[in-house]
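Me: Please explain how the cavity and the ligand site of this structure are described, and on what criteria each description rests.

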Amino acid sequence: MSKPHILMARAVFPEVIEKLSQVAQVHVNEDDTVWSQAELVARLQGKQGVFTTGGDRIDQAVLKACPELRICANMAVGYNNFDIPSMTAAGVVATNAPDVLTETTADLGFALLMGTARRLSESEHYLRAGRWTKWSFDMFAGSDIHGSTLGILGMGRIGQAIARRGALGFGMKVIYHNRSRLSQELEQQCQARLVSKSELLAQADHLVLVLPYTRESHHAIGAAELAQMKPTATLVNIARGGIVDDAALAQALKQRTIAAAGLDVFEEEPKVHPGLLEVPNVVLTPHIGSASIPTRKAMAHLAADNLVAFFTGKPLLTALNPDPRS
Ligand code: GLV
């Protein structure tokens, strides 16, 4: 029987290509080009599988134009780039890469929280610009992390990992808001208390966003929500652009209605709202939440393992919709 064809939408570790080549004919993206939708569709012709990253959209139009496609494996835990109902209707399997990135992403969330509260980027730019000529009593004085109140919006696996870091490592008081309440056991492990969204906004000294991006969570933090936060508060977004209204945030940072923000994700990635680039009180990173080599390898292998499982008739590891083979 001839091997199935798999398209790699972006470049990835050679060992992952090797693994996939055992079961399929693999078509790589040598230059790691970000293809337009039209280019993606053109390259998907005659392919039964695709290895995607969070930036590659699989929507109804792509599915219609690629009738041979049977599985899309995302090398990301978030899958807002997939139109799951349309994929299910078309009998196309969707998989993501959860769990393997939880702790690494929580590390970055905490790094951003600390860097934001203690004004690391701002002070480093000042030093590099040669402006450091003397010590002064309030130079780059920020806010404390230890003993403060950590607010978490979205209490999934990554939210819980951040809560544990805050409560157990830094003696923070942890409050959270989520669609559903955690089990008593998990609340105890995270030492976290469920509150309403307005309580969360009003009480958090440091607010971390870790919720999935959906139609409902679009602009979950906009001007009205920012106005409810303490003027001394910091905001960290490691979830997805679009959860925060970047224009409203830039304005709040400029007017200092909140103290500072740490952002790993943006509404128009890789473009950053110009207002955010103009203000000093923001730490900006280019969507690197899961970016450690072991974790990126684990994510790539998990996506590849789903493809291998599919094409060798084995159960999928992390399916997001029903498996049409069963
Ligand atoms: C990264 O943003 C991911 O969803 O894995």
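**Cavity and ligand site**

Reply: The largest cavity has a volume of about 50 Å³. This is a predicted model, in which local features need pLDDT of at least 70, side-chain atom pairs count only at pLDDT 80 or more, and totals for chains, interfaces and linings use all residues. Residues are numbered from 1 along each chain as its sequence is written, and side-chain values use heavy atoms, with hydrogens and water left out.

Me: Why is this space called a cavity?

Reply: The term applies because, on a 1 Å grid over the protein atoms alone, a 1.4 Å probe fits at its points but cannot get out. Points are joined across faces, edges and corners, and the volume is the space filled by probe spheres set on them. The count comes to one cavity of 30 Å³ or more.

Me: What makes Arg-119 a lining residue of the largest cavity?

Reply: Lining residues have an atom within 4 Å of a point, and Arg-119 is among those that line the largest cavity, as are Glu-122 and Pro-280.

Me: Why is the pair formed by Arg-240 and the ligand called a polar contact?

Reply: A polar side-chain atom of Arg-240 lies 2.7 Å from an oxygen atom of the ligand; a polar contact is a pair of N or O atoms within 3.5 Å, so the pair qualifies. A polar side-chain atom of His-287 lies 2.6 Å from a ligand oxygen, and a backbone N or O atom of Val-77 lies 2.8 Å from one.

Methods
On a 1 Å grid over the protein atoms alone, a cavity is a set of points where a 1.4 Å probe fits but cannot get out, and a pocket is an open set with protein on both sides within 12 Å along at least five of seven lines; lining residues have an atom within 4 Å of a point. A polar contact is a pair of N or O atoms within 3.5 Å; within protein, one must be able to donate a hydrogen and the other to accept it, and residues adjacent in sequence count only if both atoms are side-chain atoms.
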